[in-house]
Amino acid sequence: MTNPRIEVFDDAAALARAVAGDLLARLDAAQDDGGSPQIALTGGSIAERIHVEIGRAGPSSDVDWGRVVVWWGDERFVATDSDERNAIGARRSFLDRVGIPADLIHEVAATDTAGSVADAAAAYARELREHGSGAFEVLMLGIGPDGHCASLFPGHPALDVDDQVAVALTDSPKPPPERVSLTFGALNRTRAVWFVASGEGKAEAVARGLAPEGSPGATVHETPARGVTGSPTTEVVWYLDRPAASRL
Ligand code: 6PG
């Protein structure tokens, strides 16, 4: 991991516009060599604001949306058309607006398309192994007040899974309880990790996420966001609004 870059914005709207602009620029640059960059989206409220900004600016950008592949770092195991699904909001605000081909969007299976959350996790892992490019161009991650990212929560056994690409949870402390999450091993195969956090409620988790090794609460088990560092050359950026950065 390169030293994290911290970008602080006056408010969530400015944060969302900045992340959207940076993503469009990075995708355009990644396509210069003819590539099809793969990105992993996250769920949550600030992510939804970012999706809206990408959906607004994306159609007129230089990005060739026929060459962008989309994954999710985690997904809730609910019905395909449930508003609780991360994919639903991303499609409505972003993916449908820029017109990414359906076969380039890799959703986690839902309660109406998989027999169980374990089956959904296994299928998603197979799909990533088969259609993944080995590293995301950008992995976006929200962070919870408890320091979770994706659906990797403090003290959860999923944090220690190192022989799977994706895990199934049935006891998520953040509702809904059933989820599929990429594991640290899969999340860390990325050229860039962009954490996005807005609001005073995230300030403590952000501070723990960026604290020096050995600081109180700064283990991966206590603050799972610390477990996503990529490789030694991965770009790590924390996009924060002022309230979320207030404990730094
Ligand atoms: C999920 C998300 C989760 C989210 C954080 C932040 O499926 O719930 O992937 O990891 O990103 O909990 O969510 P908020 O931005 O809504 O606080």
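**Figure 1. Polar contacts of the ligand in the predicted model.** A polar side-chain atom of Thr42 is placed 3.3 Å from an oxygen atom of the ligand. The structure shown is a predicted model. At Gly43 the contact is made by the backbone, where a polar atom lies 2.7 Å from an oxygen atom of the ligand. Lys174 contributes a polar side-chain atom, found 2.8 Å from a ligand oxygen atom. Taken alone, the ligand exposes 420 Å², and 91% of that area is buried by the protein.

**Figure 2. The pocket and the shell of residues around the ligand.** The ligand occupies the largest pocket of the model. Two elements each give two or more residues to the surrounding shell, namely helix H2 (45–57) and strand S4 (74–76). There are 15 residues around the ligand, and those that come nearest are Gly43, Asp74, His148, Ala150 and Lys202. Gly43, one of these nearest residues, is also the residue whose backbone makes the 2.7 Å contact.

**Figure 3. Backbone geometry at Ala150.** Ala150, which is among the residues nearest to the ligand, belongs to the loop between S5 and S6. Its phi is positive, at about 50 degrees, although the residue is not a glycine. Most residues other than glycine have a negative phi.

**Figure 4. The cis peptide bond between Pro175 and Pro176.** The bond from Pro175 to Pro176 is cis, with omega near -5 degrees. Most peptide bonds, by contrast, are trans. Pro176 is located in the loop that runs between strand S6 (166–169) and strand S7 (179–182). Lys174, whose side chain provides a polar atom 2.8 Å from a ligand oxygen atom, may be viewed together with this bond.

**Figure 5. The salt bridge between Arg191 and Glu137.** Arg191 and Glu137 form a salt bridge in which the closest N and O atoms are 3.3 Å apart. The two residues are 54 residues apart, and their pairing links distant parts of the chain. Arg191 lies in the loop between helix H5 (184–187) and strand S8 (192–197), while Glu137 lies in the loop between helix H4 (117–131) and strand S5 (138–142). A search of the whole structure finds 15 salt bridges.

**Figure 6. A nonpolar patch on the surface.** Ile6, Val8 and Leu248 together make a nonpolar surface patch of about 240 Å². Leu248 is situated in the segment after strand S9 (235–241).

Note on methods
Residues numbered from 1 in each chain as written. Predicted model: local features only at pLDDT ≥ 70, side-chain atom pairs only at ≥ 80, totals over all residues. Heavy atoms only, no water. Patch = residues over 30% accessible without salt bridge, like charges linked within 9 Å, V, L, I, M, F, W, Y side chains within 5 Å. Areas by Shrake-Rupley, 256 points an atom, 1.4 Å probe, with all protein chains shown as cover. Salt bridge = Lys/Arg side-chain N within 4 Å of Asp/Glu carboxyl O. Helix = DSSP H or I, 4+ residues; strand = E, 2+ residues; numbered from the N terminus. Near = heavy atom within 4 Å. Polar contact = N/O pair within 3.5 Å; in protein donor to acceptor, adjacent residues only side chain to side chain. 1 Å grid on protein atoms, 1.4 Å probe; cavity = no way out; pocket = protein on both sides within 12 Å on 5 of 7 lines; lining within 4 Å. Sits in = over half its atoms within 2 Å of the grid points.
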